[in-house]
Amino acid sequence: MPAERAMKILVVDDFAFSRQVVINTLEQLGFNNTDEAADGYSALVRLKSALFEFVIMDWNMSKISGLELLKQIRADPKLKHIPVLMVTKDCLQEEIVAASKAGVNDYIIKPFEANTFAEKLENIFR
């Protein structure tokens, strides 16, 4: 994945600590071009106003849920090509199915290890 390490990544989670964990993990893996949003609505505004190449988002968020944000990304011709990794604390089958139907590229369950996170990124960008 060396060519992708410079890509601009948006990290979306309503908990600052969770955003920081994701950003720190990305930095460990060599990804330093990150930005963040504290909720789905702010993320959608950011996505429409700047060029992002990858989105990592939480499932449970205020204003717009991760699933709804994913649906809005996939419905927008200018955004639908952006790969999305969904982060969830629950491993509920119905959530995974709903995210898959909505077009998620992959998902990871909190808490996660850096090597598992790296494997998910490799799967998405392979």
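A cavity here is a set of grid points where a 1.4 Å probe fits but cannot get out, and its volume is the space filled by probe spheres set on those points. With that in mind, let's walk through this predicted model, starting at a strand and ending at the cavity.

A good place to begin is strand β3, residues 54-58. Buried means under 20% relative accessible area, and 5 of the 5 residues of β3 are buried, so the strand is largely enclosed by the rest of the structure. Look along β3 and you will see Phe54, Ile56 and Asp58 pointing one way, while Val55 and Met57 point the other way.

Now turn to the neighbours of β3. Strand β1 (residues 9-12) runs parallel to β3, and 4 bridges join the two; here Leu10 stands opposite Val55. Strand β4 also pairs with β3 in the parallel sense, over 4 bridges, and Asp58 has Val87 of β4 as its bridge partner. To get from β3 to β4, the chain passes through helix α3 (residues 66-75), making a right-handed β-α-β crossover.

From β4 we can move on to the cavity. The count comes to 1 cavity of 30 Å³ or more, and the largest cavity has a volume of about 50 Å³. Its lining is made up of Trp59, Met86, Thr88, Glu95, Ile96, Ala99 and Tyr107. Both β4 (84-88) and α4 (93-102) supply at least two residues of this lining, with α4 giving the most, 3 residues. By character, the lining residues divide into 5 nonpolar, 1 polar and 1 charged.

Methods:
Residues are numbered from 1 along each chain as its sequence is written. This is a predicted model: local features need pLDDT of at least 70, side-chain atom pairs count only at pLDDT 80 or more; totals for chains, interfaces and linings use all residues. Side-chain values use heavy atoms; hydrogens and water are left out. On a 1 Å grid over the protein atoms alone, a cavity is a set of points where a 1.4 Å probe fits but cannot get out, and a pocket is an open set with protein on both sides within 12 Å along at least five of seven lines; lining residues have an atom within 4 Å of a point. Ala, Val, Leu, Ile, Met, Phe, Trp, Tyr, Cys and Pro count as nonpolar, Asp, Glu, Lys and Arg as charged, and the others, Gly among them, as polar. Buried means under 20% relative accessible area, exposed over 50%, partly exposed in between (1.4 Å probe, protein chains only). Two strands pair if DSSP finds at least two bridges between them. A crossover is right-handed if, with the strands pointing away from the viewer, the path from the first strand over the helix to the second runs clockwise.
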